[in-house]
Amino acid sequence: SSGINAEYGGLSTLIVGFDYDGSAHLFQTDPSGTYHEWKANAIGRSGKTVREFLEKHYTEEIAASDEACIKLTVRALLEVVQSGGKNIELAVMRKGQALEILDTKTVEKLVEETEKERDAEAEAKKKAAGKS
């Protein structure tokens, strides 16, 4: 995934891959040529909002689960995408496998499930706040 970073007038990229031992790595490069390793990151328009969401909600337990990791990604993107799944594209990289780009139907189903879970959590918080 890459995006034009207008702040620096160049190209920022996210590079993901695996070491020989199977450990995953995510790097961000910036126009000056520097790079940084991250556990989770986002670049481009609204990247800061998504990155802050990931910093707040990312855990090693989530990272260990394919499903939880994908759901966290969808939740983070829904912080900045207004029109649901049709404006979200997801690619998943797994050790020893080719990059998988999720089809639109799968993404829309994930968005729908994530929105339901988010709404249920909000409702539970509202009820809990009313009892205290």
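## The pocket lining

Let's start with what coats the largest pocket in this predicted model: its lining splits into 28 nonpolar residues, 12 polar ones and seven charged ones. That makes 47 lining residues in total, with Leu14, Leu26, Asn41, Thr73 and Ala91 sitting nearest the pocket's centre. The space inside comes to about 1,800 Å³.

Which elements put at least two residues each into that lining? On the strand side they are strand 1 (2-5), strand 2 (10-18), strand 3 (24-29), strand 4 (35-38) and strand 5 (91-92), and on the helix side helix 1 (47-57) and helix 3 (66-78). Helix 3 is the top contributor, with seven residues.

## Overall layout

Stepping back, the chain has four helices and six strands. Read from the N terminus, the order is β-β-β-β-α-α-α-β-β-α. Put a box around the C-alpha atoms along the principal axes and you get roughly 55 × 35 × 30 Å.

## Strands 2, 3 and 4

Strand 3 has a partner in strand 2 and another in strand 4. With strand 2 it runs antiparallel, and six bridges join the two. Thr13 has Thr29 of strand 3 as its bridge partner, while Gly17 is matched with His25 in strand 3. This pair of strands makes a hairpin with five residues between the strands, where Gly22 takes a positive phi near 95°.

Over on the strand 4 side, the pairing is antiparallel too, this time with four bridges. Gln28 has His36 of strand 4 as its bridge partner, and Leu26 faces Trp38 in strand 4. Remember Leu26 from the pocket: it is among the residues nearest the centre. Strand 3 and strand 4 also form a hairpin with five residues between them, and here Gly33 in the turn has a positive phi of about 100°.

A handy reminder when you look along these strands: in a regular strand, side chains alternate between the two faces of the sheet.

## A long-range salt bridge

How many salt bridges does the structure hold? The count is 10. One of note joins the side chains of Arg94 and Asp66, at 2.6 Å from N to O. The two ends come from distant parts of the chain, 28 residues apart: Arg94 belongs to the loop between strand 5 and strand 6, and Asp66 to helix 3. Helix 3, then, holds one end of this bridge and also gives the most residues to the pocket lining.

## A nonpolar patch outside

Which residues make up the nonpolar patch on the surface? They are Val16, Phe18, Met93, Leu99 and Ile101, and together they have about 450 Å² of accessible area. Leu99 lies in the loop between strand 5 and strand 6 (100-101), the loop that also carries Arg94.

Note on methods:
Residues numbered from 1 in each chain as written. Predicted model: local features only at pLDDT ≥ 70, side-chain atom pairs only at ≥ 80, totals over all residues. Heavy atoms only, no water. 1 Å grid on protein atoms, 1.4 Å probe; cavity = no way out; pocket = protein on both sides within 12 Å on 5 of 7 lines; lining within 4 Å. Points joined across faces, edges and corners; volume = space filled by probe spheres on them. Nonpolar A, V, L, I, M, F, W, Y, C, P; charged D, E, K, R; others polar. Patch = residues over 30% accessible without salt bridge, like charges linked within 9 Å, V, L, I, M, F, W, Y side chains within 5 Å. Areas by Shrake-Rupley, 256 points an atom, 1.4 Å probe, with all protein chains shown as cover. Salt bridge = Lys/Arg side-chain N within 4 Å of Asp/Glu carboxyl O. Pairing = 2+ DSSP bridges.
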